[in-house]
Amino acid sequence: SHLKLVGRQEELAAARAARLDLLLPEEPGFLEADPGEDTCTVSQGDIAAAVDIASAAKHFELRLEQFGPYRLDYTRPGRHLLLGGRRGHVAALDWQTKTLMCEINVMETVTDVAWLHAETMFAVAQRRWLYVYDNQGVELNCLKRFPGVLRMQFLPYHFLLATASETGFLQYLDVSVGKEVAATCTRGGRLAVMAQNPANAVVHLGHSNGTVTLWSPNVKEPLVRMLCHRGAIRALAVDRSGTYMATAGLDRKLQLFDLRTYRPLHALVLPQGAAHLDFSQRGLLAAACADVVQVRPSPSLPRKPYLCHRLPLPAHGLRFCPYEDVLGAGHGAGFTSLLVPGAGEANFDALENNPYRSRKQRQEWEVKALLEKIPAELITLDPTCLDRVDTASMEQKRQEKIQRLGFDPHAKAKFRPRRKAKGGSSAGSLLRRKRKVAHEEQRVRSFAKPTPFAKPAAFAPFAKPAPSAMPTAFA
Amino acid sequence: MNAAYLQLQYIYQICNDCVILIAVPRNYDPVLHPFEVPREYTRALNATKLERVFAKPFLSSLDGHRDGVNCMAKHPKSLSTVLSGACDGEVKIWNLTKRQCIRTLQAHEGFVRGMCARFCGTSFFTVGDDKTVKQWKMESPEYGEEEEPIHTILGKTVYTGIDHHWKEAVFATCGHQVDIWDEQRTSPMCSLTWGFDSISSVKFNPIETYLLGSCASDRNIVLYDMRQSTPLKKVILKMRTNTLCWNPMEAFIFTAANEDYNLYTFDMRFLASPVMVHMDHVSAVLDVDYSPTGKEFVSASFDKSIRIFPVDKGHSREIYYTKRMQHVITVKWTSDNKYVLCGSDEMNIRLWKANASEKLGVLAPREKAAMNYNQKLKEKFQYHPQIKRIARHRHLPKSIFCQVKEQRIMKEARRRKLQNQHENLQ
C-alpha cells in the first residue's frame, strides 16, 4: 500500500544519510592520560602546551575585575561571545580573532545577557526592563512589558525569547515581529533557574521547593511537574538531544534524569554543590562548584571528573562553545576560556550553523530561517506529534459519521458461512470455517480502542489549547 | 600555520585548480537538525500558500469568430494548432504560440456540428446543418487558389457529430443513426442503430480502435464494435448524455458528460454501475476531454465554468471561470498536458493552464528541485486541516456559489427523506 511504500522510502533515506557519516572530514578531540595518571590532574597549561598554536590560542583569560561577576552567551555557530557584567558592562566580541564588536556600560544592574537569532542583535536583562541592542551597542528596543527579568533563553527555531522574572512570570517575546506571545504567572516564586530543552523548545524552570516545571507558551499550567531535590534547585541543564536533564540542588546532589520517563538515572554527591550546569554538544556535563569547574562525561557521571579547573573567583556563568572544544566561564574577576578536548561537535552542517559564514551567507540564512519560523502553537512535549495520525479525532469523526448516516459504512457484516452441499454444512465444518475468520474480528476491535495518553491540543488555532495531560513524576 | 589559513578550507574548495566553490559541508546527524517535522510542516504551509498566490491560470483569449464556438478539434501532430467551428458555419485554424488565427474558411451554411482531424494530420473533416460531410486540407491554399474541400458528401439527414478512426482511413458520423464511412466511398460502409432516437455524439476508442461509443437522445449510451458491425452494449441513464470521451491510457474506461449536472466514469466491461460519479457542476455538463496522462479530465458546463476532475475522485480539483465567459460549449486538453482550451457561447476561445500555479518556460535546475521539494511537502502534509483548507480554497462566482449551496440543501433533504423511510420501514 501507499503508506508501506512511504515508510520504506523513509527508512532507505535514513540509512543513506547514516552511511554518509563516512564522509565527515573531522574527528572529535580527546584527552588520554598516561597509565597511572588521571585526566582530572591535567591542567589547562599542559593542554595548551600539547595542542597546536591555533587551539592553544582558544585558551585565554580576560581580567575584568571592576564591573562585577560576568554572565556570558555564545552565538549558535559559536563564533561570537557576549559578556555581561553585573555592574553594567556589556561587551560583544568575536572571541576567535579577538575583535571587539562593541563594549558599552548600560549604567544599570545586568542580570542576564542573551544573543538573539544572529550576531547582529542581543538582549540584556537590566534591573528594571528588558533592552535589545544592536551588535554595535546601539539600543534598539526597551521592552517595558518585561520588568525584573532574571534569566533568558532564546528558542532559535521559533524566534522566541523566553524570560523568567523575579515576580514569577514566564514571558515569551517573538523577536521577528516584536510581539509578546504569552505571559504565564507560574506561581512558583522567584524564577532564578532556567533552561531550555533544545529538542522540543520546552522551558524548564527550577523552583525553591525542589521542583522542576516544564512550560509551553500555549498552556497556562506546567506540562510536567517533577520533584527533583530536597532543597531548592540551584542549577538546571538539558542535553542537546533532549533525553537527559541534569539538576543540582541545595542538598549538594547532582541528579541526572531521563526526560522520556521523568525518572532519575544517576545521583552524585558534590561536597560543595553545583551552582551552574551546562551540557556540551558531545554530552560532557560541566558543573561549577564555587570556583572549581568540573567536567564529567554524561550519562555515566563518574565520581572522578574528566577535567578540573580552579577559577580566580566563584563562577557566575558557564557555557560550552558550540562546535569548539572550549568551555567559557564567567566569574567575579572576568572571563576564562577553558580547553576541554572532545566537548564540541567536530562536523558542523553548513546549512544549519556555519561558523565560517560570510555576511552574505548569514543574510541568506536569516531569510530562510524567518520563512521557516515555527509558530509558537506547535511547541509540545513531543515535536513529532504532527507526523502521527490523530486517532482521537479520527474516532470522533467516525462516531459523528455513524450518527449522521444512521449506520456504520465501514462496519463489516458478520461472517455467515455459505451453505454447502454433500455434508459441507455440518456443524463441525461450519465451526471450522468460522474459526478461520475469527482473528479478523479481534484485530478490528483492538484498532478502535482509544489511546491511553491524551495528547495536548497540538495545533488547533481556532480552539483554545486545552490543559494537557500533566503526568507528575516523583524522584 | 595561523587560524585564518586553517579556516579557509571550510570556506572555499578549489576544483581542478581553477574553479573556486563556496564549501557547504554537511552533517546529516538528526541531533543537528531538530524540529524536523514542525519545520517541514511550516515549509509545506508556505508552499501551499504560495501555490494559491501563483495560481493564475488564464493565458489568453482567441478572438475572431463571429458566432458562438460550437466544436473544436486538436491537430494530432502539431501542438500549436487547434481548429474550431462556429455556429455560423465558419471554421478557423489557430496558431496557439502566436495566438492568432492563421486560416478561416466558410465550411457550412448553418452550424458546424462536428469536426475531427485525420490521424495523419494532413486533412480534417467537418459536418454541418446543411447535411454535408466535407474533407479539407490542413495546409493553407496557395496564393490564388480558392478554399475548396477535397471531398464533399451529401447526406439525406442532418449529421450531428463526426469522429475519425485513430489508425485506419475510416470515419464515423452520427445523426439519425451511426454511419461508418470509408474515406474513398460516398455511401457509408455500415449503419448501426439501437433505438429510435437521434444520436448526438460518437467517439472512437483510441486504444481498442475498433470500438465506438455514442450518446443518444433517449438517454442511453451505446457501444459498437466495428469489426462485427453490431452494437455491443447499452446503458440507460436518468438523463441524456451530451458527449463521452474515452480514457487515452485505459482502454475500457470512458467518461460521459450528462445533463443531470454530473459526469459518469464507466468501465466498459461492467456497465451496470459507474466506476465514479463526478459531482460538482451546477448546470448541464456539455463537453468532456481527457488529459493525455489519463489521470484527469476537464469538463465544460452550461454554468459558465470549466472544471478539472481527477479520474478517481468524485469532486473537482480546480474550477476556471471568468466574468466574460458565458456558457462553455466545448473544451479540449492539449496533447502536451499543459493547457486547456475552451470554446464558449460568446465567440471566444480561451487558453488556460492545466496546472494553475505552474511556471511556464524553461526552469533552472534549482528551480525545478525547489518545485519538486515543495510538491512532495504538500503531498506529505495534505491531510492536515489547515493545509487542506488552504489547498482546497477556490473563489467561486456568486451565481455558482449560491447554486452549490442550494443543491447541497436539496441533496440533504433527499437523503434525510430516504433515511426516514428506511428507518420507518424497519
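The exercises below, each with a worked solution, walk through selected features of a predicted model.

Residues are numbered from 1 along each chain as its sequence is written, while chains are lettered from A and ligands numbered from 1 in the order in which they are written. Because this is a predicted model, local features need pLDDT of at least 70 and side-chain atom pairs count only at pLDDT 80 or more, whereas totals for chains, interfaces and linings use all residues; side-chain values use heavy atoms, with hydrogens and water left out.

**Exercise 1. Describe the place and surroundings of A:Gln255.**

Solution. Begin with the backbone: A:Gln255 is found in strand β20 of chain A, residues 253-258, where strands (E, at least two residues) and helices (H or I, at least four) are DSSP runs numbered from the N terminus. Next, take the accessibility: A:Gln255 has a relative accessible area of 10%, so it is buried (buried means under 20%, exposed over 50%, partly exposed in between, with a 1.4 Å probe and protein chains only). Finally, look for contacts, meaning heavy atoms within 4.5 Å: leaving aside residues up to four places away in sequence, A:Gln255 touches several residues, among them A:Cys228, A:His229, A:Met245 and A:Pro264.

**Exercise 2. Is A:Arg252 buried or exposed, or in between, and what is the sign of its phi?**

Solution. Locate the residue first: A:Arg252 lies in the loop between β19 (244-249) and β20 of chain A. Its relative accessibility is 49%, so A:Arg252 counts as partly exposed. As for the backbone, phi of A:Arg252 is near 65°, which is a positive value in a residue other than glycine.

**Exercise 3. How do helices α2 and α3 of chain B pack?**

Solution. Two packed helices are described by the angle between their axes and the distance between the axes. Helix α2 (residues 36-53) and helix α3 (residues 365-380) of chain B meet at an angle of about 105°, and their axes are 9 Å apart; axes are lines fitted to C-alpha atoms, for helices over the stretch in contact, and angles run from 0 to 180 degrees between N-to-C directions. The two helices, α2(B) and α3(B), are therefore roughly perpendicular to each other (angles of 65 to 115 degrees count as such, under 35 as roughly parallel, over 145 as roughly antiparallel and the rest as oblique). The contact includes B:Arg43 and B:Ala47 of α2(B), and B:Tyr373 and B:Leu377 of α3(B).
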